[in-house]
Amino acid sequence: MRRTKSVVLPGKVTSRKWLWLGSGVFVAIGLVMVAVWVGFPRKKQTITAILSETGYFEVVPPSTFGGPGTINTIEYLSDGRLELHPTCDVDPTLLASKIQKSRTVDRELKQSLEKKLDVSAEVREKLSAVAGMQQVEAVNLKLENANILLISDESLISTRNALLKAECEDAVTLNVSSGGVVCQTRSVLEADVVYEIKYHNKISMEEKAKLTSEIAAKLDLDVHQGANDKVSGSQLFFGIRLSPNPIVLKTAAGEIKPCSRK
C-alpha cells in the first residue's frame, strides 16, 4: 500500500525553523556567558582594591599619623598601597579647628569595609618573626565605625604656609632633592580595626592567649577586650587621599613628581 506523505503547512515549517534557530542562539549565548564567567579574571576582594575604586590609597600599617593637612614623604609600594613618612612636625592645635569629620561614608564602600576579609598572607608577612605562627589557620580583617576626616583647600594652603619654614623647609628640600615625593594629606578614612585570628584546634587556651598578645604587640595594636583571638585598634587611618600637587621648593633640585601613582 502506498503511504500517504504527511502534509506540513508552510506556517508550521517557518515556526519550527525559528524555534530551532532561537534555541541555537539561546544555547550559544549561554555558552558564551559561561565561558566569559569562567575566564574573566575576577579580582580578589581586598582592602587595597576596595579603597582604590573610591580614590583612596591603603596606608600600611594603619596608624594615627598622616592626618589631613600633614606633610609627608610618600613611598608607593608595588602592591598598590603606600607608606607615609612624616616630614614635618605639626602642632595639633594648628589643625584642630581646620579638620572636618563626617560619619557619612558611601553605602557600598561601608558595606565592603565591614565584611570580613581574609588578610592571612599579608599578616603572615608582617608576623614572620613571631614564634608559633604555624598555629594560626587564618586571619580576617574587619573595619568598624568608619569616618571621613578632611580639610579644605584653603586650610591646606594656610597650613602649608605656616609649616614651610626653618627645619620643615630643610626636611622637604632634602627629601625632594633625594628623589622623594612630598605631599599633603587631603582626607583620610578612619575606622576601628579588628583582626580576628583563627587558630588550629589543637592549640591550648594558654598558648592562644600568649600568641595573641605577641601578635598585638607586633602590629602595635591591643588584645581585643574579652577575647583571646582578636586584636584591635581604635580610630586608625587606613585610607588616604592626597592633595594632587606635590610640595616643591625653589631650593630643591631634581625631578618634580606628582602626588599620584604613575
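**Legends to close-up views of the predicted model**

Of the 262 residues of the protein, 38% count as buried. The model shown is predicted. Eight helices and nine strands make up its secondary structure. The accessible surface comes to about 16,500 Å², and carbon and sulfur atoms account for 56% of that area. Among contacts between residues at least 6 apart in sequence, 76% join residues at least 24 apart.

**View 1. The largest nonpolar core has 34 residues.** The members that touch the most other members are Leu113, Val136, Leu143, Tyr195 and Ile215. Two or more residues each come from α2 (47–52), α4 (107–113), β6, β7 (181–199), α8 (205–218) and β9. In soluble globular proteins, nonpolar side chains tend to be buried together.

**View 2. Ile215 is shown with its contacts beyond four places in sequence.** With neighbours within four places left aside, Ile215 is in contact with Leu127, Met133, Val136, Ile197 and Tyr199. Val136, like Ile215, is among the core members that touch the most others.

**View 3. A second core of 13 residues is separate from the largest one.** Val59, Leu84, Val181 and Cys259 are included in this second core. Of these residues, Leu84 and Val181 are also in contact with Thr73, the subject of the next view.

**View 4. Thr73 is a buried residue of strand β2.** Strand β2 spans residues 71–76. The relative accessible area of Thr73 is 9%, which is under the 20% limit, and the residue therefore counts as buried. The side chains of Thr73 and Asn175 are joined by a polar contact of 3.3 Å. Beyond its neighbours within four places in sequence, Thr73 is in contact with Glu83, Leu84, His85, Thr87, Asn175, Gly180, Val181 and Val182.

**View 5. Asn145 has a positive phi in strand β6.** Most residues other than glycine have a negative phi. For Asn145, which is not a glycine, phi is about 55°. Strand β6 covers residues 136–150 and is one of the elements that give two or more residues to the largest core. Asn145 itself is partly exposed, at a relative accessible area of 38%.

**View 6. Gln235 also has a positive phi, in strand β9.** The phi of this residue, which is other than glycine, is near 50°. Strand β9 runs over residues 230–242, and β9 too gives two or more residues to the largest core. With a relative accessible area of 43%, Gln235 is partly exposed.

How values were computed:
Residues numbered from 1 in each chain as written. Predicted model: local features only at pLDDT ≥ 70, side-chain atom pairs only at ≥ 80, totals over all residues. Heavy atoms only, no water. Helix = DSSP H or I, 4+ residues; strand = E, 2+ residues; numbered from the N terminus. Buried < 20%, exposed > 50% of the residue type's maximum accessible area, 1.4 Å probe, protein only. Contact = heavy atoms within 4.5 Å. Areas by Shrake-Rupley, 256 points an atom, 1.4 Å probe, with all protein chains shown as cover. Polar contact = N/O pair within 3.5 Å; in protein donor to acceptor, adjacent residues only side chain to side chain. Core = buried A, V, L, I, M, F, W, Y, C linked by side-chain atoms within 4.5 Å.
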